[in-house]
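Me: I have a model open and would like to talk through the strands, the core and the surface. Can you help me find my way around?

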Amino acid sequence: MITGAHTILYSSNPEADTTFLRDVLRLTHVDVGRGWLIFGLPPSEIAVHPADQNGPSELYLLCDDIQQFIQQMADAGIACEPVRQQRWGHLTSLTLPGGGKLGVYQPLHPRPEPMT
């Protein structure tokens with residue numbers, strides 16, 4: 001029934017954030033017309049967390065080694081927040097060129113098999 005997910009990052013500087021996704025994170029992409037890029041992502045997962053009221057969704061990218069990711073970002077001139085140790089993973093965040101925050105974590109929890 002579900003074949004994928006489409007995530008939207010809202011940005012006050014979409015050109016800078018698109019460049020970051022394309023050139024720094026080196027995500028695969030397709031131009032759907034007039035330079036509008038849609039980026040590919042590796043297999044993903046979704047979880048439901050309890051809350052007092054419904055709110056906005058959050059996006060976290062996953063990596064295999066948070067320290068290596070932070071070093072790669074530093075090499076590209078992108079600063080990451082200090083790693084926060086959570087029971088479910090090692091979490092950092094970075095500020096996108098457009099000003100938005102993006103979370104990245106190295107999961108410690110089991111990962112589901114990708115859907116086929």
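**Strands, core and surface**

Reply: Let us begin at one pair of facing residues, where threonine 95 stands opposite lysine 101 in strand 6; please keep in mind throughout that this is a predicted model.

Me: How many bridges join strand 5 to strand 6, and which way do they run?

Reply: Strand 5 and strand 6, the latter covering residues 101-107, run antiparallel and are joined by seven bridges.

Me: What lies between strand 5 and strand 6?

Reply: The two strands form a hairpin with five residues between them, and in that turn glycine 99 has a positive phi of about 105°.

Me: And what about strand 4, how many bridges does it have to strand 5?

Reply: Strand 4, residues 84-86, pairs with strand 5 in the antiparallel sense over three bridges, and a hairpin of two residues joins strand 4 to strand 5. Within this pairing, glutamine 85 stands opposite histidine 90 of strand 5.

Me: Is strand 5 mostly covered or mostly open?

Reply: Strand 5, which spans residues 89-95, is mostly covered, in that six of its seven residues are buried.

Me: Back to histidine 90, why does it count as buried?

Reply: Histidine 90 counts as buried because its relative accessible area is 18%, and the cut-off for buried is under 20%.

Me: What does histidine 90 touch?

Reply: Leaving aside residues up to four places away in sequence, histidine 90 touches Ile66, Val83, Arg84, Gln85, Val104, Tyr105, Gln106 and Leu108, so the list includes Gln85, the residue that stands opposite histidine 90.

Me: Changing topic: which residues touch the most other members in the largest nonpolar core?

Reply: That core has 18 residues, and those touching the most other members are Phe20, Leu25, Phe69, Met73 and Leu94. Two or more residues each come from helix 1 (14-24), strand 2 (37-39), helix 2 (66-75) and strand 6, with helix 2 giving the largest share, four residues.

Me: Which residues does phenylalanine 20 touch?

Reply: Not counting residues up to four places away in sequence, phenylalanine 20 touches Leu25, Met73, Ile78, Leu94, Leu96 and Pro97.

Me: Now the outside: which residues make the nonpolar surface patch?

Reply: The patch, of about 400 Å², is made by Val30, Val32, Trp36 and Ile38, and valine 30 has its place in strand 1, residues 29-31.

Me: Is valine 30 buried, exposed or partly exposed?

Reply: Valine 30 counts as partly exposed, because its relative accessibility is 46% and that class lies between the cut-offs of 20% and 50%.

How values were computed: Residues numbered from 1 in each chain as written. Predicted model: local features only at pLDDT ≥ 70, side-chain atom pairs only at ≥ 80, totals over all residues. Heavy atoms only, no water. Patch = residues over 30% accessible without salt bridge, like charges linked within 9 Å, V, L, I, M, F, W, Y side chains within 5 Å. Areas by Shrake-Rupley, 256 points an atom, 1.4 Å probe, with all protein chains shown as cover. Salt bridge = Lys/Arg side-chain N within 4 Å of Asp/Glu carboxyl O. Buried < 20%, exposed > 50% of the residue type's maximum accessible area, 1.4 Å probe, protein only. Pairing = 2+ DSSP bridges. Contact = heavy atoms within 4.5 Å. Core = buried A, V, L, I, M, F, W, Y, C linked by side-chain atoms within 4.5 Å.
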